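Student: Could you walk me through this one? I'd like to go over the contacts and pairings piece by piece.

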Protein chains: 2
Amino acid sequence: MHGIEIAVSTVIFALRDDPRNDCTALGMPLVRRVRQPYEGSWALPGGPVRPDEDLTDTARRTLVETTALSPTYLEQLYTFGHVDRASKPVPGPRVISVVYWALVRPEEAERGIEDDNVAWHAADHPPELAFDHATIVDYALWRLRTKMEYSRIAQAFLGETFTLAQLRQVYEVVLQRTLDPANFRRQVESSGGVEPTGEYLVGGRHRPPKLYRHRAASDLADNGPLTRL
Amino acid sequence: MHGIEIAVSTVIFALRDDPRNDCTALGMPLVRRVRQPYEGSWALPGGPVRPDEDLTDTARRTLVETTALSPTYLEQLYTFGHVDRASKPVPGPRVISVVYWALVRPEEAERGIEDDNVAWHAADHPPELAFDHATIVDYALWRLRTKMEYSRIAQAFLGETFTLAQLRQVYEVVLQRTLDPANFRRQVESSGGVEPTGEYLVGGRHRPPKLYRHRAASDLADNGPLTRL
DNA sequence: ACAAAAGTGTTGAATCTACACCCATGT
DNA sequence: ACATGGGTGTAGATTCAACACTTTTGT
């Protein structure tokens, strides 16, 4: 038997209201390491793959165990397997990490565990991270932003019903630029990804906006022949 | 120590002239299994990861060992880890496969080993394949076609210099549709991915076409923060 | 009445697509 | 001369981006 360990880690994104700056930002839950190496540093949630467990099940399980979150979107990101990635400060066994990335809704994110060892951080300015997790987060962010432009994953950040302004805000926060509301509306409406519920969101300070829902027909992202799995 | 084995497999694509139909098609080298399970079936080249070997090195090494090919483009595709993927006809240990995909040039493909146990097959009509390799090939094909539309990987199929007609043929064969030569030329020229060498390809039956080369500046595909690795 | 977000309309620019047409070579 | 692929030009359709303007609510 060889000495390579295999683990799953997950980069989790959610839109959260930052109370300090009075704005919403892209957040990411991290767990504090309680063992050497990198004891005390922040790291991505994850853990070893059990012998009878599919990789995506490992992702879901470790996610629930450490953060109590269940994602609306979960996709494999990349497998990091460099020989020395787990043996940098002190020698350790080789670990190959199959990394997933996940999106969760704001309400879901609120329910998540939050204590000294599990906390949300800004996705674009993460603290010092253990192992090669900084690179992993960079790549996950890049994938999120890239995929946002040609798929409907933005909807995975929102609940069952939502207004177009809310959906637009998702794009604006993630892509870090403002979008023209008029053009955005037309783009989304003609894409066929959403459909109006007929209801309106009342109680706002201004004209009540239409509510939309996800169109069940098509998937949030086209992953080709992999969607079947 | 757990009982999960970790291996690397690679889907290799090349454009090859099919002598039967007098046309070029997308080919893929496969190796015949010499052991149970699936003994005698065709499978993707690959093998177990050595303890001191990076994943991409395993891909390169097994590629050379079994097919004698060295690719111009090599990228991680996906990691397949379903519990029962290697224990279908007869029980066997669990194997997680990190799959890569590769592109090789025609001249390179000619040099590759070819015998009873290593042979080229049509990428879109593969024979019965071992394990879940049929799914893997499907996915690799999908990725190739998808990525072809927004990157310059098509150039990895060609040598140092090439004509625009040759580059166009790559697109036509892979995407399985004809492209307007005039519009194709403009698209490619304005993309900045190629630059004229100043030379012309002589010896053809018609007007000698300009020769182009890859522009060294930018990479063939934008893989974000992963390009550094 | 007014402020501000929701939603509609319009215009010019940029891009895509189809196709006409000229150019240069081997036969 | 002519067939054929190499290469340029152009007109119409489609898409994109910017912004004016109307609608509807709370205050």
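Here is a short back-and-forth about the model.

Tutor: First, the ground rules: this is a predicted model, where local features need pLDDT of at least 70, side-chain atom pairs count only at pLDDT 80 or more, and totals for chains, interfaces and linings use all residues. Residues are numbered from 1 along each chain as its sequence is written, chains are lettered from A and ligands numbered from 1 in the order in which they are written, and side-chain values use heavy atoms, with hydrogens and water left out.

Student: Which residues come nearest to DNA strand D?

Tutor: Near here means that a heavy atom of the residue lies within 4 Å of the strand. There are 18 residues around DNA strand D, and the ones that come nearest are A:Arg205, A:Arg207, B:Arg185, B:His206 and B:Lys210.

Student: How do the residues of that surface divide into nonpolar, polar and charged?

Tutor: The sorting counts Ala, Val, Leu, Ile, Met, Phe, Trp, Tyr, Cys and Pro as nonpolar, Asp, Glu, Lys and Arg as charged, and the others, Gly among them, as polar. On the surface near DNA strand D, that gives five nonpolar, four polar and nine charged.

Student: Which side chain has a polar atom 2.6 Å from a phosphate oxygen of DNA strand D?

Tutor: A polar contact is a pair of N or O atoms within 3.5 Å; within protein, one must be able to donate a hydrogen and the other to accept it, and residues adjacent in sequence count only if both atoms are side-chain atoms. A:Arg186 has a polar side-chain atom 3.3 Å from a base nitrogen of the strand, and B:Arg207 has one 3.1 Å from a base nitrogen. The phosphate oxygen contact at 2.6 Å belongs to B:Arg185.

Student: In β10(B), what is the bridge partner of B:Tyr200?

Tutor: Strands are DSSP runs of E with at least two residues, helices are runs of H or I with at least four, and both are numbered from the N terminus; two strands pair if DSSP finds at least two bridges between them. Strand β9 (residues 194-200) of chain B and β10(B) pair in the antiparallel sense over four bridges. Within β10(B), B:Tyr200 is partnered by B:Lys210.

Student: How far apart are the end C-alpha atoms of α1 (residues 55-67) of chain A?

Tutor: The expected span of a helix is 1.5 Å times one less than its number of residues. The 13 residues of α1 in chain A should therefore span 18 Å, and the ends agree with that: their C-alpha atoms are 18 Å apart.

Student: A:Glu65 sits in that helix, so which residue is its salt-bridge partner at 3.8 Å?

Tutor: A salt bridge is a side-chain nitrogen of Lys or Arg within 4 Å of a carboxyl oxygen of Asp or Glu. A:Glu65 is partly exposed at 49% relative accessible area, on a scale where buried is under 20%, exposed over 50% and partly exposed in between (1.4 Å probe, protein chains only). The partner, at 3.8 Å from N to O, is A:Arg50.

Student: How many residues apart in sequence are the parts tied together by A:Glu195 and A:Arg213?

Tutor: These two form a salt bridge, with the closest N and O atoms 3.4 Å apart. A:Glu195 lies in strand β9 of chain A and A:Arg213 in strand β10 of chain A, so the pair ties together parts separated in sequence by 18 residues.
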